[in-house]
Amino acid sequence: MAKTYAITLRKGGCGKTTTAVNLATALEQKRQRVLLVDLDPQANATLSVGIDPTSLKYNINSLFTSVDVTPEDVIVKTNFGLDVLPSHPDLAKTEAGMTATQIGMMKGILDPVEEYYDFIFIDTPPSESYLSIAALTYVQYVIIPLQAHFLAMQALTQAMEDIEHVKKGLNPDIKIKGILFTMVNPRTNIAKTVMQEVREQYGDLVFPIEITFSIRHVEATLAGIPIVLFDPNHPGSEAYKKLAEVILNG
Ligand SMILES: Nc1ncnc2c1ncn2[C@@H]1O[C@H](COP(=O)(O)OP(=O)(O)OP(=O)(O)O)[C@@H](O)[C@H]1O
Ligand SMILES: [Mg+2]
């Protein structure tokens, strides 16, 4: 049965999609059966693996809005072999009017395919979205990508509160797998200060891997190819592959 992960933080542009996409791809390259779920109306994860959301008949929004559509109808394969449940800007309409029953729908949506995968990774939107809560009600584990920059601590405290609330009610078994520092510029004092503060407060929850800032990540995103394939020997790729190893081993 699949191990299920949400990559989440309300702060925009902190590396959620980049982390979800590269972790999923790195594990797929290690011969794991992986499904990448794009639960963000921006469809950035879908685009980042080279899929044009507008070219598809179905997308994840079809599963929220239509009872006749199955996940098998929606899942597509990238040209490098990763299974993806694609998103579409239409998901924003569902997000805007999301009902209590829809918040609990992730389980119903993914249950039928869980047995086909070793790992399911859900990329979530920024901001106060019920879609993120929908992901948190379903998953076993959470990964929090954190840019070592201003307001990081505030965003992290918020994420911890969201997870605590979900733990108290909708998903008592949810666990934080780890906090991942992203876009780190090791030369700046702010990065050093933030990382030190987070380590002091959350200790063991911080992954022993950091993703440094590099424009190569942006180039990979624009090319629609995960950096672990776009530039496999880049330090960013090595870091994401190491993270995949950590996830695989525990
Ligand atoms: N380590 C990095 N160094 C430099 N740029 C990066 C790095 N990681 C990601 N990026 C770039 O930063 C931008 C934002 O990253 P990403 O889309 O992963 O963040 P996000 O948290 O998913 O954003 P959103 O909140 O909008 O969903 C992208 O253009 C991506 O290519
Ligand atoms: Mg994103």
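This report describes a helix, a helix pair and several single residues in a predicted model.

**Helix α10**

Helix α10 covers residues 189-202. Its 14 residues should span 20 Å at 1.5 Å a residue, and the end C-alpha atoms are 20 Å apart, so the expected and computed lengths agree. Three residues of α10, A191, V194 and V198, are buried. These buried residues lie on the same side of α10, because they cover an arc of only 70° around the axis. In an α-helix there are 3.6 residues a turn, so residues three or four places apart point the same way. The other side of α10 carries N189, Q196 and E200, which are exposed.

Several elements cover the buried residues of α10. Among them are two strands and a helix that precede it in numbering, β6 (141-147), β7 (175-184) and α9 (152-168), together with strand β8 (206-212). Following α10 comes G203, a residue with a positive phi, near 35°.

**The pair α1 and α13**

Two packed helices are described by the angle between their axes and the distance between the axes. For helix α1 (residues 16-29) and helix α13 (residues 235-248), the axes come within 9 Å and cross at roughly 70°. Angles of 65 to 115 degrees count as roughly perpendicular, and α1 and α13 are therefore roughly perpendicular to each other. The crossing in which α1 passes α13 is right-handed. On the α1 side, the contact is made by N22, L23, A26 and L27. On the α13 side, Y240, K241, L243, A244, I247 and L248 take part.

**S237 and G12**

S237 belongs to helix α13. Is S237 buried or exposed? S237 is buried, because 22 other C-beta atoms lie within 10 Å and the cut-off for burial is 20 or more. Not counting residues up to four places away in sequence, S237 touches I227, V228, D231 and P232. I211 is 26 residues from S237 along the chain, and their C-alpha atoms are separated by 8.9 Å.

G12 sits in the loop between β1 (3-7) and α1. G12 counts as exposed because it has 11 C-beta neighbours inside 10 Å, the limit for exposure being 12 or fewer. With neighbours within four places in sequence left aside, G12 is in contact with P126 and S127. Y240 is 228 residues from G12 along the chain, and the C-alpha atoms of the two are separated by 20 Å. Y240 is one of the α13 residues in the contact with α1.

**Positive phi at R31 and L151**

R31 and L151 are residues other than glycine with positive phi, at values near 65° for R31 and near 70° for L151. R31 lies in the loop between α1 and β2 (34-38). L151 is found in the loop between β6 and α9, two of the elements that cover the buried residues of α10. Both count as exposed, because R31 has 8 C-beta neighbours inside 10 Å and L151 has 10.

The neighbour counts for the single residues are set out below.

| Residue | C-beta neighbours within 10 Å | State |
|---|---|---|
| G12 | 11 neighbours | exposed |
| R31 | 8 neighbours | exposed |
| L151 | 10 neighbours | exposed |
| S237 | 22 neighbours | buried |

Note on methods: Residues are numbered from 1 along each chain as its sequence is written. Chains are lettered from A and ligands numbered from 1 in the order in which they are written. This is a predicted model: local features need pLDDT of at least 70, side-chain atom pairs count only at pLDDT 80 or more; totals for chains, interfaces and linings use all residues. Helices (H or I, at least four residues) and strands (E, at least two) are DSSP runs, numbered from the N terminus. The expected span of a helix is 1.5 Å times one less than its number of residues. The arc is that of the directions from the helix axis to the C-beta atoms. Two residues are in contact if their C-beta atoms, placed from the backbone, lie within 7 Å. Axes are lines fitted to C-alpha atoms, for helices over the stretch in contact, and angles run from 0 to 180 degrees between N-to-C directions. Angles under 35 degrees count as roughly parallel, over 145 as roughly antiparallel, 65 to 115 as roughly perpendicular and the rest as oblique. A crossing is left-handed if the near helix is turned anticlockwise from the far one by less than a right angle, and right-handed if clockwise.
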